[in-house]
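This report concerns the packing of helices and strands in one protein chain. The sequence and the structure are shown first.

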Amino acid sequence: MKAVILTENKKMSIIDMPIPKINDLEVLLKVICVGICGTDVAVYQGHYPSKENVILGHEFCGKVVKVGSKVKDFKEDDYVISEASWGCGNCYWCKRAQPSYCSFPNTLGRTVDGALAEFVKVPGKILHKIDREMTNIDAQGVVSIATVTRVVNRSEIQIGDKVGIIGPGYNGLIMVQLFKQAGAGIVGVIGAANDYNRLDIASKLGADFTINIENNPDWQKNLLDSYGKMGFDILIEASGTVGGLLSCVNLVKKGGTIIQFGTSSKMINDLPQGVFYSNEITIKGSKGGYGLYPKAIELIESGKINFESLVTHKFSLKETPKAFEMIDKRMGDILRAVIFCND
Ligand SMILES: [Zn+2]
Ligand SMILES: [Zn+2]
């Protein structure tokens with residue numbers, strides 16, 4: 001089969017390799033399409049460790065080709081999506097039914113080969129059947145919906161809450177839609193520099209306001225003047241920047257909640273420690289969408305989530321290196337790229 005491997009940071013190669021062999025508990029899938037996620041890009045850039053010559057890609061849909069003898073619920077030709085990772089099953093966290101904290105996680109596209117290939121194998125336990133009517137573009141979005149649903153749940157939003165999202169990436173723009181559906185009173189999106197196109201998309205998807213902080217030094221004051229001096233009930237840091245989190249602290253209401261969603265390995269200076277005490281601010285992380293995949297599929301089936309305006313580029317498998325280069329360099333207003341692996 002054809003597969004795209006990451007040979008070194010920012011270098012990919014298209015190779016021929018054997019179709020993976022499955023064990024009793026695994027399922028072989030023919031990959032239909034893969035959405036490129038920020039985590040794939042972070043691995044590509046070298047910010048996340050991965051196994052040597054890894055095949056990236058963990059947000060995808062496919063058709064079942066072969067089923068291990070102990071896998072009960074799937075058969076050839078089923079249309080499926082896969083969760084992005086699974087726990088070892090044996091560690092402290094897995095035994096507490098919290099596999100997203102697993103000490104030895106299996107992560108598609110990092111510790112095990114992912115889906116940017118004609119075929120991929122995964123354990124049957126992380127597959128979900130989807131309706132044949134669901135488009136490929138919607139199906140590749142299930143992982144993101146599960147992940148963003150966790151953000152919304154962890155925010156413990158109350159009806160009418162004011163929500164600010166810092167970072168209008170693909171997931172930030174999905175958040176706009178889900179926070180609206182969850183009853184937010186106001187959802188605003190804050191971007192920087194070359195985010196103009198993304199902020200336009202945010203408005204079209206229902207954001208009540210957007211702000212580009214570029215050349216706008218008073219943006220925080222202006223924001224509070226316009227949308228309530230007390231601040232925002234919920235702030236989502238979805239940019240993975242230190243400035244993003246500091247802005248959240250400046251904008252959050254007393255007693256409010258900040259969710260760290262953007263991935264980052266940076267250290268933070270200048271965090272006003274006393275504010276956490278006196279204003280009783282809660283900061284939470286939110287990672288992955290464990291346990292929320294069935295709900296994510298139902299949300300997509302409801303037809304109320306718009307992926308079409310988020311998927312800006314489509315590529316064939318052999319164009320994958322070009323797709324990653326474009327995302328890495330933010331070329332051509334690229335937002336979500338989807339790779340079709342068997343066209
Ligand atoms: Zn992802
Ligand atoms: Zn584990």
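The text below treats a parallel sheet, the helices that lie across it, and two helix pairs.

The model is predicted: local features need pLDDT of at least 70, side-chain atom pairs count only at pLDDT 80 or more, and totals for chains, interfaces and linings use all residues. Residues are numbered from 1 along each chain as its sequence is written, and chains are lettered from A and ligands numbered from 1 in the order in which they are written.

**The sheet.** Helices (H or I, at least four residues) and strands (E, at least two) are DSSP runs, numbered from the N terminus. An open sheet is built from six strands with parallel pairing, in the order β12-β11-β10-β13-β14-β15; two strands pair if DSSP finds at least two bridges between them. Each of the edge strands, β12 (209-212) and β15 (282-285), has a single partner strand, so one side of each is left without a neighbour in the sheet. On average, neighbouring strands are turned by 20 degrees against each other, direction ignored. Strands β10 (residues 162-166) and β13 (residues 232-237) run parallel and are joined by four bridges. I165 has I236 in β13 as its bridge partner.

**Helices across the sheet.** Helix α4 lies across β13, β14 (252-260) and β15, at about 155 degrees to β14. Helix α6 (residues 196-204) lies across β11 (186-191) and β12, at about 170 degrees to β12. Axes are lines fitted to C-alpha atoms, for helices over the stretch in contact, and angles run from 0 to 180 degrees between N-to-C directions.

**Helix pairs.** Two packed helices are described by the angle and the distance between their axes.

| Helix pair | Axes come within | Crossing angle |
|---|---|---|
| α4 (residues 142-155) and α5 (residues 170-181) | 9 Å | roughly 60 degrees |
| α1 (residues 38-45) and α11 (residues 320-328) | 11 Å | roughly 95 degrees |

The angle between α4 and α5 makes α4 oblique to α5, whereas α1 and α11 are roughly perpendicular to each other. Angles under 35 degrees count as roughly parallel, over 145 as roughly antiparallel, 65 to 115 as roughly perpendicular and the rest as oblique.

Residues are in contact if their C-beta atoms, placed from the backbone, lie within 7 Å. In α4, S144, I145, T147, V148, T149, V151 and V152 meet Y170, N171, I174, M175, L178 and F179 of α5. Between α1 and α11, the contact is made by V41, Y44 and Q45 of α1 with F324, I327 and D328 of α11.

Technical notes. Contact = placed C-beta atoms within 7 Å.
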